[in-house]
Amino acid sequence: MATLIRLGASLGIFALMVTWEAISPRRAQQISRKQRWPVNLGLAAFNMLIMRLTVGSLAYLSAVDAAERGFGLLNWLAAPEWLAITVTLLALDFAIYLQHILSHKWPLLWRLHQVHHTDLEFDATTAVRFHPLEILLSMFYKVLWIYLLGANPWAVIAFEIILNGAATFNHSNINISPTIDKKLRWLIITPDMHRIHHSTIQSETDSNYGFSISCWDRLCRTYVAEPQHGQVTMAIGLQPFRKASELSFWRLLLLPFSTPGHR
């Protein structure tokens, strides 16, 4: 049931963002969807299959197991449900922020994470362009935090929905007026804010790591307000990988094992 809820929410948000992109795009894309989407959506489908056959709903099941066994801080403190839900959502959000930084700073993890950054354009499908090994490692990382926290099971489901929905939203090529964008940024990660993280300029790639709420980047001083070359003209991707023809589905799967992890 948890998987079906997550899948339904993810598909609904994805359909909304793709429609918005088509009606009112932020940037004119130079590489067609026909070139990029089969790769990005192919990775998404492959990752879903692997997750289905392996760890599936492990995050939710781990939270249930922690509650039944009394594991984790929130269970030890017998925290009221409202507090357990709030702490779970905020703590897991911060955990993913930390994981994202580690994925850029630790060379072994960057080998996997660079697959996400090799996309030469930026739209809703970029949100699902991940190497399957990174997806699996991310799940085990979340499970560790869930047991340490004694995370609320329903909050874990909500977090997974927020994780997928926020990623789809902040990777979308949707046009939001700068005035509204600046106001939204005080609370959430907007596409204009996260797009900077996908710049080819490394100092910009090493910024704006948040995925849902923007406070972590501001508090930890990893926030960059605007790209050097402007939102509509900035180059997207990584400098060593500039040819779409060399970024096929199979090449991306092999990329972590065939390169030293270029920054």
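**Exercise 1.** In this predicted model, find how much space lies in the second largest pocket, and state which residues line this pocket.

*Solution.* Begin with the volume: the second largest pocket holds about 150 Å³ of space. Next, go through its lining, which is made of Gln99, Leu102, Ser103, Leu109, Leu112, Glu134, Leu137, Ser138 and Tyr141. Then turn to the elements, where helix 5, helix 6 and helix 7 each give two or more residues to this lining, and helix 7 provides the largest share with four residues. Finally, sort the lining of the second largest pocket by class, which yields five nonpolar, three polar and one charged residues.

**Exercise 2.** Describe the largest pocket by its space, by the residues closest to its centre and by the classes of its lining.

*Solution.* The first step gives about 1300 Å³ of space for the largest pocket. The second step looks at its 42 lining residues, of which Arg6, Ala127, Val128, Ile135 and Asn164 are the closest to the centre. The third step asks for the helices, and those that supply at least two lining residues each include helix 1 (2-23), helix 2 (33-53) and helix 8 (153-170). The last step counts classes in the lining of the largest pocket: 19 nonpolar, 18 polar and five charged residues.

**Exercise 3.** Decide whether leucine 11 counts as buried, partly exposed or exposed, and name the surface patch to which Leu11 belongs.

*Solution.* Locate leucine 11 in helix 1. Because its relative accessibility is 51% and exposed means over 50%, leucine 11 counts as exposed. Leu11 then joins Leu7 and Met48 in a nonpolar surface patch, whose accessible area together is about 270 Å².

Technical notes. Residues numbered from 1 in each chain as written. Predicted model: local features only at pLDDT ≥ 70, side-chain atom pairs only at ≥ 80, totals over all residues. Heavy atoms only, no water. 1 Å grid on protein atoms, 1.4 Å probe; cavity = no way out; pocket = protein on both sides within 12 Å on 5 of 7 lines; lining within 4 Å. Points joined across faces, edges and corners; volume = space filled by probe spheres on them. Nonpolar A, V, L, I, M, F, W, Y, C, P; charged D, E, K, R; others polar. Patch = residues over 30% accessible without salt bridge, like charges linked within 9 Å, V, L, I, M, F, W, Y side chains within 5 Å. Areas by Shrake-Rupley, 256 points an atom, 1.4 Å probe, with all protein chains shown as cover. Salt bridge = Lys/Arg side-chain N within 4 Å of Asp/Glu carboxyl O. Buried < 20%, exposed > 50% of the residue type's maximum accessible area, 1.4 Å probe, protein only.
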